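Reader: I would like to learn how to read a protein model. Where should I begin?

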Amino acid sequence: MAGQPVPLTIRLNDHAQALVVEPGDTILETLESHGYRMPRSCRNGVCEICEFTLLKGSVQQRYPEKRLRQDNEMQDHQQPVVMGLACTSTPLSDLWVHIKGLKRPGEQIVKRLTCDIVQVEGLNYDVYKVTLRMPPTASQAVEYFAGQYLEIIMPDERKAAFSIGSAPEAGRLLELHIRDASEFSKAIVTTLQTEKTIDVEIPKGDCFVNAATMDGETPIILAAASTGFSQMKSIIEHLLAQGVQNPIHFYWGARIAADLYMPELPLEWVVTHSNVVYHPVVSEPGDQCGWTGRTDLLPDAISQDFDTLKNAIVYTSGSPAMVYALLDACELKGLDEKNMHSDVFAYAPRPKK
């Protein structure tokens, strides 16, 4: 009885791991079935976007119809360049190809999009909730993770970064929380209130959460200062939408009570999900604030609430001073530095002690 045919493989760029090819699949179909992405559009060979360089092996290209082959018996610099189209090329042997713009599984593509401005709504005395709608076309579809941010691009090309307050489950809608705190931010709010569309670059940032990686047991601490609430909102709504059962402790710190600009939403999370605990903290309530809740600083509050943070994961958003103060406090409770995540770590080095 004849044995089963040995499956073909494709080696990509300088990656050591080869991909197994299902019988009859094209190079593009093989890449995408393994979670890789490359520039492509029509999938019929007409647009010629999904171009690859054949370094070794042979393929049958359906359109334009031809057989491509490359041997490596000669030195690399002597080899003729053989180019093909991944969407119409089926491997005839094991392959080694090079593809410009290839993205590994989970690696994201930052795109510039023109979004519709759906709504600009005041939430308190200086914070606005902005709702944008991404374009629907497949070529402009964008995937982002809960906790990432985007950059608004003003008509004069100036840019400003804002956390995405909506979870990926919101689809094309993007929510931003913008504080009207400077001349530039005032200009941004005015533009959003008067224009119909705005350009953005999305997604950006390495502080994000994937619910699929959660084990259901590890305590998750989300700590937001002021409008850092938007980043934590995206994270918690993603975790809840995906049915994550980990204990979730959400801390929201503000200077005065009025800065807790969406006070009812965290209470709704608590009522509808038994694994969520909400800790609002105000640092400078004052006589006119009317605050009767907890008065403290975020790092002190979290440190006081836990005997140990040895097995916890912390996501935090705020100023570098607050984030590093929180890291110091959490390390004293046993937290491993690698288990704290913040965008601050990407642009502000840890102060020397």
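Author: We will go from the whole chain to a pair of helices, then to single residues and the backbone. Keep in mind that this is a predicted model.

Reader: How many helices and strands are there in the chain?

Author: The chain has seven helices and 19 strands. Its C-alpha trace spans about 80 × 50 × 45 Å along the principal axes.

Reader: What part of the chain counts as buried?

Author: A residue counts as buried when its relative accessible area is under 20%. Of the 353 residues in this chain, 44% fall into that class. Contacts in the chain can also be sorted by separation in sequence. Among those between residues at least 6 apart, 69% join residues at least 24 apart.

Reader: Now the helices. At what angle do α3 and α4 pack?

Author: Helix α3 covers residues 229-241 and helix α4 covers residues 264-272. They pack at an angle of about 20°, and their axes are 12 Å apart. Because angles under 35 degrees count as roughly parallel, α3 is roughly parallel to α4. The crossing of the two helices is left-handed.

Reader: Which residues in α3 meet α4?

Author: From α3 they are Phe 229, Lys 233, Ile 236, Glu 237 and Leu 240; in α4 they meet Leu 265, Pro 266 and Trp 269. The residues of this contact divide into six nonpolar, two charged and no polar.

Reader: Next, single residues. Is His 15 buried or exposed?

Author: His 15 has a relative accessible area of 9%, so it is buried. His 15 sits in the loop between β1 (9-12) and β2 (18-20).

Reader: What does the side chain of His 15 make a polar contact with?

Author: The partner is the side chain of Arg 104, at 3.1 Å. If neighbours within four places in sequence are left aside, His 15 is in contact with Tyr 36, Leu 102 and Arg 104. Arg 104 therefore appears both in the list of contacts and as the polar partner, given that a polar contact is a pair of N or O atoms within 3.5 Å.

Reader: Where is the place of Glu 201?

Author: Glu 201 belongs to strand β13, which covers residues 197-204. Its relative accessibility is 16%, so Glu 201 counts as buried.

Reader: Which side chains does Glu 201 make polar contacts with?

Author: One is the side chain of Lys 159, at 3.1 Å. Another is the side chain of Lys 204, at 2.9 Å. Not counting residues up to four places away in sequence, Glu 201 touches Val 110, Lys 111, Arg 112, Leu 150, Glu 151, Ile 153 and Lys 159.

Reader: Is Asp 180 buried or partly exposed?

Author: Asp 180 has 21% relative accessibility, so it counts as partly exposed. Asp 180 lies in the loop between β12 (173-179) and α2 (183-194). The side chain of Asp 180 makes a polar contact with the side chain of Lys 186, at 3.4 Å. Lys 186 is also one of the residues in contact with Asp 180 when neighbours within four places are left aside; the others are Asp 126, Tyr 128 and Ser 185.

Reader: How many residues apart along the chain are Asp 180 and Phe 162, and what separates their C-alpha atoms?

Author: Asp 180 and Phe 162 are 18 residues apart along the chain, and their C-alpha atoms are separated by 13 Å.

Reader: That leaves the backbone. Where is there a cis peptide bond?

Author: For each such bond, read the two residues joined and the omega angle. One joins Tyr 63 and Pro 64, with omega about -10°. Pro 64 lies in the loop between β3 (51-61) and β4 (66-70). The peptide bond from Ile 202 to Pro 203 is also cis, with omega near -5°. Pro 203 is found in strand β13, the strand that holds Glu 201.

Reader: Which residue has a positive phi although it is not a glycine?

Author: Glu 157 is one such residue, with phi of about 75°. Glu 157 lies in the loop between β10 (149-153) and β11 (159-163). At 44% relative accessibility, Glu 157 counts as partly exposed. Glu 48 also has a positive phi, near 60°. Glu 48 lies in the loop between α1 (27-33) and β3.

Technical notes: Residues numbered from 1 in each chain as written. Predicted model: local features only at pLDDT ≥ 70, side-chain atom pairs only at ≥ 80, totals over all residues. Heavy atoms only, no water. Axes fitted to C-alpha atoms, helices over the stretch in contact; angles between N-to-C directions. Helix = DSSP H or I, 4+ residues; strand = E, 2+ residues; numbered from the N terminus. Parallel < 35°, antiparallel > 145°, perpendicular 65-115°, else oblique. Left-handed = near helix turned anticlockwise from the far one by under 90°. Contact = heavy atoms within 4.5 Å. Nonpolar A, V, L, I, M, F, W, Y, C, P; charged D, E, K, R; others polar. Buried < 20%, exposed > 50% of the residue type's maximum accessible area, 1.4 Å probe, protein only. Polar contact = N/O pair within 3.5 Å; in protein donor to acceptor, adjacent residues only side chain to side chain.
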